[in-house]
Amino acid sequence: PDGVMVVSFYTAKPWFTDRLFATLKSAVGYTPIIMKDNRHDWFQPITAFVVGAPVVRGELSVPEDQRNIYSLISDYKASPQTKILTDDWPFIYVMPVAVDGPYLAIVALVLLFAIYPSRRLLFARHEPANWQMFFMGAAFLLIELQAIARLNLIYGANWLSAAVVINCILVLALAGNWWVSRSSNLFWKWLPWLFALLFGLLLASWALPVDAALSAAIADPGLGKLFATTVTVLPLFVAALIFSTSFSRLKDPSVGLSFNLLGAVIGAMLEYMSNYVGLSGLVAVGAGFYVAAFIAALCQRRTGQVS
């Protein structure tokens with residue numbers, strides 16, 4: 001109870017110091033002390049943020065023979081525009097600018113390598129079902145990324161989180177394929193209702209209060225984790241049913257799979273939008289792609305071009 005916590009960071013930019021300071025202040029509820037290492041201030045600025053009961057009581061000070069090396073700042077004030085780190089926005093190194101030019105340049109380069117070789121395929125005339133595959137690929141990647149990020153909070157940011165999400169996705173995709181293989185005509189008739197169910201589950205996932213889910217996981221690790229995991233990954237199961245049903249009706253599965261993979265690349269690159277909408281906002285972005293996929297599916301059903 002009377003200990004102190006010291007967080008030491010290389011803080012070359014003032015905004016980075018402000019972000020760490022403001023985040024710690026929000027977390028502990030009082031003003032942390034900043035300890036500057038004056039030896040590195042001009043070359044490698046090292047800043048230590050100190051919190052704990054002795055900080056609250058004002059008991060910390062630098063020994064007299066060390067004051068030429070270290071200095072304490074107890075009245076530091078961060079910029080009012082500082083964005084603190086949260087479970088929904090944990091991007092510690094994202095610069096506080098409207099557009100991150102270097103990052104977007106890499107995104108553009110990846111998209112160029114993905115789109116240029118497939119330009120003849122993309123810009124040819126295609127049935128709406130192929131574009132449904134494209135939109136579902138983009139949406140699936142966004143929902144998967146959001147699921148991994150959320151379950152990191154439940155299971156910890158380690159291999160277990162990725163293992164839970166990826167294995168759930170593989171099992172659900174396998175189950176969806178198996179079920180559709182036995183009842184393809186039935187699911188094709190129910191396709192609009194499957195989309196409606198998907199949108200309902202996405203809404204539930206987006207509205208899931210993360211704090212309540214974490215509290216439930218702590219209070220009852222088994223049931224709490226099961227509930228949070230189910231709400232998070234269940235939309236992927238319904239999406240797998242829709243994908244398998246629609247894919248089974250394609251005239252040219254290889255073209256449809258190409259569109260789906262290209263859409264997945266687009267979805268992965270759009271993860272950048274989480275810088276603006278937060279991790280939970282990726283559900284809304286993914287839902288937008290599923291809306292586009294639903295429109296394409298309706299167009300396909302009306303044209304009656306599927307075999």
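Modeller: One rule before we start: angles between helices under 35 degrees count as roughly parallel, over 145 as roughly antiparallel, 65 to 115 as roughly perpendicular, and the rest as oblique. Also, keep in mind that this is a predicted model.

Colleague: Okay, got it. How many helices and strands are in the chain?

Modeller: The chain has 13 helices and four strands.

Colleague: And is the chain spread out or compact compared with a globule?

Modeller: It's more spread out than a compact globule, because its radius of gyration is 25 Å, well over the 19 Å that the globule rule gives for 307 residues. If you draw a box around the C-alpha atoms along the principal axes, you get roughly 85 × 45 × 30 Å.

Colleague: Let's use that angle rule, then. At what angle do α5 and α6 cross?

Modeller: Roughly 140 degrees, with the axes coming within 8 Å. Helix α5 covers residues 128-155, and helix α6 covers 159-182.

Colleague: So what do we call α5 and α6 relative to each other?

Modeller: Oblique. The rule asks for over 145 before a pair counts as roughly antiparallel, and this pair crosses at roughly 140 degrees, so α5 and α6 go down as oblique. The crossing of these two is right-handed.

Colleague: Which residues meet there?

Modeller: From α5 you have F140, E144, A147, I148, L151, N152 and Y155, and they meet L160, S161, V164, V165 and I169 in α6. Sorted by class, the contact of α5 with α6 has nine nonpolar residues, two polar and one charged.

Colleague: How does α5 sit against α9?

Modeller: Helix α9 is residues 210-219, and its axis comes within 9 Å of the α5 axis, crossing at roughly 35 degrees. The crossing of α5 and α9 is right-handed. R150, L153 and I154 of α5 touch V210, A213, L214 and A217 of α9. Those split into six nonpolar, no polar and one charged.

Colleague: Next pair: how are α8 and α10 packed?

Modeller: Helix α8 (191-207) and helix α10 (221-247) pack at about 160 degrees, and their axes are 9 Å apart. That makes the two roughly antiparallel. The crossing of α8 and α10 is left-handed.

Colleague: What classes of residue make that α8 and α10 contact?

Modeller: There are 15 nonpolar and four polar residues, with no charged ones. Among them are L194, F195 and L198 from α8, and V231, P235 and V238 from α10.

Colleague: Switching topic: what order do the strands take in the sheet?

Modeller: The order is β1-β3-β2-β4, in an open sheet with antiparallel pairing.

Colleague: Why is one side of β1 and of β4 left without a neighbour?

Modeller: Because β1 (4-10) and β4 (70-73) stand at the edges, and each has a single partner strand. On average, neighbouring strands in this sheet are turned by 25 degrees against each other, ignoring direction.

Colleague: What joins β2 to β3?

Modeller: Four bridges do, between β2 (residues 33-37) and β3 (residues 46-52), which run antiparallel. For example, K36 has T47 in β3 as its bridge partner.

Colleague: Last one: which strands does helix α1 touch?

Modeller: Helix α1 (residues 14-28) packs on the sheet and touches β1, β2 and β3. The direction of α1 makes about 5 degrees with that of β3.

Notes. Residues are numbered from 1 along each chain as its sequence is written. This is a predicted model: local features need pLDDT of at least 70, side-chain atom pairs count only at pLDDT 80 or more; totals for chains, interfaces and linings use all residues. Side-chain values use heavy atoms; hydrogens and water are left out. Axes are lines fitted to C-alpha atoms, for helices over the stretch in contact, and angles run from 0 to 180 degrees between N-to-C directions. A crossing is left-handed if the near helix is turned anticlockwise from the far one by less than a right angle, and right-handed if clockwise. Contact means heavy atoms within 4.5 Å. Ala, Val, Leu, Ile, Met, Phe, Trp, Tyr, Cys and Pro count as nonpolar, Asp, Glu, Lys and Arg as charged, and the others, Gly among them, as polar. Two strands pair if DSSP finds at least two bridges between them. The radius of gyration is taken over C-alpha atoms; the globule rule is 2.2 Å times the number of residues to the power 0.38.
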